[in-house]
Amino acid sequence: MARRRAGGRTLIYWILKHFVVGPPVRLIFRPRVEGLHHIPDEGAAILASNHLSFSDSIFLPVAVRRRIIFPAKQEYFTGKGVRGWLVKRFFIITGQIPIDRSGGNAAKDALAKGLQVLERGDLFGIYPEGTRSPDGKLYRGKTGMARLALEAGVPIIPCAMIDTDKAQPTGQKIPNIVQIGIRIGRPMHYPQYAGRTDDHEVLRKITDDVMRELQRLSGQDYVDEYAASVKERLATRARTGLDQARAGLGHARVGIVEASEKAREGILEASEKAREGIVEASEKAREGIAARRARAGADPLAPPGASDSSDAGGDHPIDGESDQAPTPSTDAASRTLPPGSYDGSGEH
């Protein structure tokens, strides 16, 4: 039953490679492949590749005639929902083996499963950097690849992926249409170190040799530091920046609240003063109106003789009479007195 399932998965793998995934990948990304003849037609070998993109595990198997089995992180096999199920089935069908990277024995588990693949005479793909490059540079390799090569007695074949990070940058789901390249170097054998799987200096030398060859093939800048350490440092810096941004946002919120309170207090104070001014103006206006009404109502009740002084000076001229008083004549004889009137001269 197990062989039948394995045979069915192998059949699906070849169908995907040659009819489903392979044709569009070749058509869209037009991979330039160099050194394909360095991969043997049969027999076990380790394909050591730099790691720029998630799609590296698709581009390389499409380019190589033989089937390649890669280790893959456990999370790809434990997803939830329809998408999780599809991802899991894809990785199982394509021959990827799950690796739990959370435990302390993760490296040993990966090596044990890789050794089983090599003992079957298959090709085992591995990324010596341990993770994708955070910035397109080539980082220090881990020595597990060298230990596995010595234990299985197989060659290491360096495979350089070129511009795959431009085709599908980290975090981008839909790839860009970019031509990618694959350069495959000569197999690297180390029979002189057989049995020295616990010699750290030997393991480091083999690993550094492979990384130098990958640098030559890919043209990347080399950084003598583990990519995982760089990623952790960048993540810590990003978290620190995010915390600072959140703190700044909190301070801004407090400032906005304080400013709003002060503005509200200012508006209330201004409103109160405006109301007080309106009340005061209304009182003054009422007082002024009352005073005018009092003055206007006093004229009809004024006592006689309290009228305008012009009335006490005599009669007003009427009917066109001149207001100029007649000038008395100095000639006494000119005055005519009626009969019997007394002129004041003492004689009647």
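**Salt bridges across the chain**

Glu34 is partly exposed, with a relative accessible area of 41%; buried stands for under 20% relative accessible area, exposed for over 50%, and partly exposed for anything in between (1.4 Å probe, protein chains only). The model is a predicted one, so to speak of local features takes a pLDDT of at least 70, side-chain atom pairs count only at pLDDT 80 or more, and totals for chains, interfaces and linings use all residues. Residues are numbered from 1 along each chain as its sequence is written, and side-chain values use heavy atoms, with hydrogens and water left out.

The side chain of Glu34 meets that of Arg183 in a salt bridge, at 3.3 Å from N to O. The term covers a side-chain nitrogen of Lys or Arg within 4 Å of a carboxyl oxygen of Asp or Glu. Because Glu34 sits in strand E1 (residues 32-34) and Arg183 in strand E9 (residues 181-184), the pair ties together parts that are 149 residues apart in sequence. Helices (H or I, at least four residues) and strands (E, at least two) are DSSP runs, numbered from the N terminus. Like its partner, Arg183 is partly exposed, here with a relative accessible area of 30%.

A second long-range link involves Asp224 and Arg140, whose side chains form a salt bridge at 3.4 Å, N to O. This pair links distant parts of the chain, 84 residues apart: Asp224 is in the loop between strand E10 (222-223) and helix H9 (227-298), while Arg140 is in the loop between strand E7 (138-139) and helix H6 (144-152). Asp224 counts as exposed at 56% relative accessibility, whereas Arg140 is partly exposed at 26%.

Asp122 and Arg120 also pair up through their side chains, with 3.3 Å from N to O. Here Arg120 is exposed, with a relative accessible area of 52%, and Asp122 is partly exposed at 26%. Elsewhere, Lys205, Asp209 and Arg212 are joined in a network of salt bridges. The full count comes to 17 salt bridges.

As for the chain as a whole, there are nine helices and ten strands. Of its 348 residues, 30% count as buried. The accessible surface adds up to about 22,500 Å², with 55% of that belonging to carbon and sulfur atoms; such areas come from the Shrake-Rupley method with a 1.4 Å probe, and for residues only the protein chains shown count as cover. Among contacts (heavy atoms within 4.5 Å) with a separation of 6 or more, 76% are between residues 24 or more positions apart.
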